Amino acid sequence: MRLPMVDCRSLIEFCKAFEQRKLVADSSLGAHSRSASAKKQGSSLNPLAHSLCDHSPFAAVDVVILVSVIGALGFLIVPCFKLILYGTSEVFPVVCDVLGDIISEAPIPYVVALIAAFIGVIVSILAWEILDLRARKCGKPFCKGLRKAVEFDIQLETEECVKYLPSVPATACGMKPLELGEDHKELEAELKRMAPLNGRTVLIFRAKCGCPAGRLEVWGAKKIRRIKK
């Protein structure tokens, strides 16, 4: 029995976005370091510069508007709370007196009923959680029975990591062959770009319970080792 067809388009878009984000992060890190050094040099040349000069002149206006809005809300809400508290203070003592008179006539049945209801609620919640957990499990050993796990994991393994990790067969943990459709080659190309030199990218598809349902390994480019003469 083989797995159903897997839509690779979202994975390909994720890999492309990952590569673009990595390039942007590298470029922004370099630009930030350059701007920080330039700003430091400029501040050293101008000792009268202050951080408050960079703030917007409308900041004080925004603070005044925020305080006015909070004051208006308090002016409208406080009378409503006073009315609710006044009504509750009148009704609550009467209700307590009525309940006290009823329970004082036969306290034991009411106490027993309250304890039984509390125990029944706790037992019902525990039974529901146990049945729900068993229904979510797929039957494999060490299944966590998650409600909705991530659809896939991408692991980047370097050359040193591959050396010390044991080889995992394609059918380990009940994993089945994948059917990736027409986008199989494009997905492999994107995963190969993500892989480190002499390393690999491991793509693990997961079921809703969290157990691995499929595995795809793509090796990265080989590092050319120069032989010193």
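Modeller: Ala, Val, Leu, Ile, Met, Phe, Trp, Tyr, Cys and Pro count as nonpolar, Asp, Glu, Lys and Arg as charged, and the others, Gly among them, as polar. This is a predicted model, where local features need pLDDT of at least 70 and side-chain atom pairs pLDDT 80 or more, while totals for chains, interfaces and linings use all residues. Residues are numbered from 1 along each chain as its sequence is written, and side-chain values use heavy atoms, without hydrogens and water.

Colleague: How many nonpolar residues has the lining of the second largest pocket?

Modeller: Ten residues line this pocket, with Pro141, Phe142, Cys143, Cys211 and Pro212 nearest its centre. A pocket is an open set of 1 Å grid points where a 1.4 Å probe fits, with protein on both sides within 12 Å along at least five of seven lines, and lining residues have an atom within 4 Å of a point. By class, the lining has one polar residue, two charged ones and, among the nonpolar, seven.

Colleague: Is glutamate 190 buried or exposed?

Modeller: Glutamate 190 is found in helix α5 (a DSSP run of H or I, at least four residues, numbered from the N terminus). Buried means under 20% relative accessible area and exposed over 50%, with a 1.4 Å probe and protein chains only. Because its relative accessibility is 7%, glutamate 190 counts as buried.

Colleague: Which residues, beyond its neighbours within four places in sequence, is glutamate 190 in contact with?

Modeller: Contact means heavy atoms within 4.5 Å. With those neighbours left aside, glutamate 190 is in contact with Ile12, Cys15 and Lys16.

Colleague: Which residues on the other side of α5 are exposed?

Modeller: The buried residues of α5 are Leu187, Glu190, Leu191 and Met194. Their directions from the helix axis to the C-beta atoms fall within an arc of 100°, so they line one face of the helix. On the other side of α5, the exposed residues are Lys185 and Arg193.

Definitions and conventions
Helix = DSSP H or I, 4+ residues; strand = E, 2+ residues; numbered from the N terminus.
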